[in-house]
Structures are given as C-alpha cells and as structure tokens.
Amino acid sequence: MSQTIAVLKGDGIGPEIMDATLRVLDALECGLKYEFFDAGLTALEKHGTLVPAETLEAIEKYRVALKGPLTTPVGKGFSSINVQLRRHFDLYANVRPALSFPGTRSRYDEIDLITVRENTEGAYLSEGQTLSYDGETALSSIRVTRKGSERILRYAFELARQRGRRKVTAVHKANIIKTSSGLFLEVAREVAEEYPDIEFQEMIVDNACMQLVMDPQQFDVVVTTNLFGDILSDLCAGLVGGLGLAPGSNIGTDTAIFEAVHGSAPDIAGKKIANPCALLLAAADMLDHLGMMDKGTQIRDTIRQVLETARDQVTPDMGGSGTTDTFAEALVSALRND
Ligand code: NAI
Ligand code: MG
C-alpha cells in the first residue's frame with residue numbers, strides 16, 4: 001500500500017534540502033507519494049497568506065507532512081507559522097532525538113537520547129501569556145494541565161517501550177515552581193507507575209543541564225514541559241555537534257509534522273551548500289512513525305557511512321568541500337551499493 005505525504009518545501013534553503021531528501025527517499029524505495037504545498041514566504045507571495053487553507057487541508061487529509069524551514073516575516077504582525085501549525089493540529093509532542101554521528105564537532109561519541117517536549121502549554125501560551133505589563137513590571141503566566149501532562153508523559157513512556165528504551169527522566173522545577181511544575185511532577189510519578197518495565201527518574205532542570213553536559217550517556221528519554229524542553233533540546237543538539245544534524249517531530253493524536261530544527265538559513269540560500277542531514281533525519285523519524293523502522297534505520301546508517309567514508313562529498317559545515325547535491329549523490333550511491 002502506498003502512502004501519500006504532504007510536502008512543504010519551505011523557504012530559503014528549504015527547496016534545496018527537500019530535493020536532496022526526496023532523492024534519498026526515492027532511492028530507498030519506500031513507496032511514498034508526495035503532494036506539494038506552499039507555506040511561508042513562498043505562500044505569502046503566491047496566495048497572500050503564510051499558511052493557505054489548501055495546505056492545512058492537505059496536512060489534515062494526509063496526516064503526515066514533511067516540512068522544510070519556513071520564514072516568518074519579522075515586525076509585520078505575523079505570528080510564527082510553526083506555532084500556528086502546532087496549534088491548528090494540536091501537535092502536543094515535540095520529539096527531538098540527539099544521536100552521535102562521526103566527524104561532527106561533538107565532545108562525545110555514542111550519545112543516543114530523545115527529548116520529548118510538551119508543545120502546547122507551559123510558559124508558551126503566546127498572547128494568553130501576559131497577565132500585565134506596564135513597562136516597569138511584567139507578569140506572565142504558566143499553564144500546566146493534568147490532561148496535557150498526562151498525554152505527554154504517556155507519550156514518552158510509550159515511545160520508550162516501543163523503541164526498547166530503558167529509562168525515562170522527567171525534568172522539572174517543582175521545588176520552586178510548586179504549582180505548575182509540581183503538577184507535572186505529580187502526574188509523572190503517577191504515569192510512571194503504569195510502566196514498571198521502564199526505569200523512572202526525576203531530575204530538577206538545573207541539575208539536568210549539568211548532568212547532560214558532564215555525562216550525557218546516562219540519559220535515554222527525557223520528558224519535560226514546554227520551556228525547559230525548548231532549552232534542553234538545543235543543549236542536546238549542541239552535544240552531538242549542532243543544528244546540522246538535529247531533526248524534530250511535532251506529533252498530535254491524528255497528525256504529525258516532521259522537520260529540521262534549523263531555520264531557512266537565508267545567508268546560504270541558493271549557494272547549494274546547505275546540509276540536508278537534519279531534514280533527512282526528520283524523514284527517517286517519519287518513516288519510523290509510518291511503521292517503516294528498517295528504512296528509517298537505513299537512512300541513519302547511510303548518513304553515518306557517508307560521513308565516515310566520503311568526507312570530501314559532504315557540505316562545508318561538516319568539514320567537507322562538497323555541495324548539497326554531492327552529499328545527496330553520495331548517500332544515494334551508498335544506499336544502492338548496500
Ligand atoms: P537558521 O537555523 O536558519 O541559521 C542559523 C545558522 O546556521 C546560519 O548561519 C545558517 O547558515 C546555518 N545553517 C542552518 N541550517 C543549515 C544547514 N542545513 N546547512 C548548513 N548551515 C545551516 O536560523 P536563523 O538565521 O535564526 O533563522 C532564519 C530564518 O529561519 C528566520 O526567518 C526564522 O524565522 C526561520 N526559522 C524557521 C524554523 C522552522 O521553520 N522550523 C526554525 C528556526 C528558524
Ligand atoms: Mg527552540
């Protein structure tokens with residue numbers, strides 16, 4: 001059975017890295033069909049809106065989207081497209097794996113951890129967040145619900161179980177932020193009891209930062225609220241060599257959007273030197289999500305192989321002298337010779 005996905009090439013380097021990614025997906029022969037839709041600046045120019053209704057309908061219909069980075073114009077009253085998409089589809093889980101690859105500017109080898117960030121509540125409520133502001137004093141709010149905490153925690157434990165992971169660490173600040181972070185921790189303890197096969201650990205966020213930097217291999221699945229997750233997942237991307245290899249999935253009950261964590265990189269757009277790996281790793285996570293775990297693993301293994309054996313073909317940010325195209329070609333030929 002062939003599966004259709006919505007593809008949003010995005011802005012800046014988006015089309016370049018998406019073309020490279022689709023070439024690799026085609027070489028994998030995973031039977032995917034693509035339907036292309038606009039979003040971001042490209043959509044604004046063509047349709048007068050950043051997120052056309054047709055794009056939303058397509059994501060709703062196909063339930064799975066692969067998305068290039070989108071540029072939200074700054075200072076023109078537009079709210080972030082990514083936040084709009086998360087809200088519209090209630091994409092409550094932001095899943096960001098941090099996986100070591102050879103030849104990166106990383107201090108560690110063999111990191112393999114996943115951050116599961118609550119994506120819809122916490123300190124990121126946008127316009128609802130400001131309680132008062134008079135130029136002298138600003139008061140903002142944090143909203144944590146039992147329902148929101150339960151679903152993200154259950155998601156993290158289920159993910160751990162499905163992927164054969166041994167441990168879930170709930171990161172919080174319940175010692176100080178007693179109500180909101182306290183509720184998250186209380187629910188974490190309750191949900192953990194339903195998963196006796198998975199080790200449960202709780203850790204205060206400041207200690208978690210230090211532990212991640214000192215001894216990241218002790219972590220497996222890290223689950224936390226929105227703001228802490230935003231910060232910790234960037235820290236984790238830094239542990240494995242930066243944004244060039246950082247994928248992110250936004251998962252809801254019915255719909256999932258897979259993307260690179262980095263942005264549209266206007267400084268290098270059109271120069272054909274953008275690294276396609278983060279989007280490619282997002283595509284690997286998409287294949288896992290679609291039940292094609294072997295194909296997802298094949299993508300990760302092939303990236304590893306090319307980084308080890310064809311370093312001159314890879315993009316300059318990875319220390320190579322290649323282009324987006326030579327990188328994609330090296331991946332495709334490695335796959336074909338498998
Ligand atoms: P950025 O991630 O686009 O770029 C930061 C730096 O990393 C730049 O020097 C860039 O050249 C480099 N870089 C990023 N991706 C790369 C890749 N694949 N290969 C090689 N080098 C790469 O962040 P910035 O400059 O803060 O944002 C630019 C635009 O992207 C903004 O309009 C922002 O709103 C948007 N953005 C979109 C995101 C999304 O759609 N998920 C996420 C972050 C930013
Ligand atoms: Mg962030």
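Here is a short chat about reading one helix and one domain boundary in a predicted model.

Colleague: Let's start with the overall layout. Into which domains is the protein chain divided?

Modeller: Domain 1 takes residues 1-95 plus 244-338, and domain 2 takes 107-239. Taken over C-alpha atoms, the centres of the two domains are separated by 25 Å.

Colleague: And how many residues of each domain are in contact across the boundary?

Modeller: People have another way to put a number on this: the size of an interface is often given as the accessible area lost when the parts come together. Here we count contacts instead, and 11 residues of domain 1 are in contact with 13 residues of domain 2.

Colleague: Which elements give two or more residues to the domain 1 side?

Modeller: Those are helix 4 and strand 4 (93-99). Strand 4 supplies the largest share, three residues. By residue class, that side of domain 1 has seven nonpolar, two polar and two charged residues.

Colleague: Okay, now helix 4. Which of its residues are buried?

Modeller: For burial, count neighbours: a residue is buried if 20 or more other C-beta atoms lie within 10 Å of its own. In helix 4, residues 81-88, that picks out I81, N82 and L85.

Colleague: Why do they line one face of the helix?

Modeller: Look down the axis of helix 4: the buried residues fall within an arc of 100 degrees, so they line one face.

Colleague: What do those buried residues pack against?

Modeller: Strand 12, residues 256-260.

Colleague: Which residue with a positive phi follows helix 4?

Modeller: That's D90, with phi near 50 degrees.

How values were computed: Residues numbered from 1 in each chain as written. Chains lettered and ligands numbered in written order. Predicted model: local features only at pLDDT ≥ 70, side-chain atom pairs only at ≥ 80, totals over all residues. Buried ≥ 20, exposed ≤ 12 C-beta atoms within 10 Å, placed from the backbone. Helix = DSSP H or I, 4+ residues; strand = E, 2+ residues; numbered from the N terminus. Arc of directions from axis to C-beta. Contact = placed C-beta atoms within 7 Å. Domains from an automatic or database assignment. Nonpolar A, V, L, I, M, F, W, Y, C, P; charged D, E, K, R; others polar.
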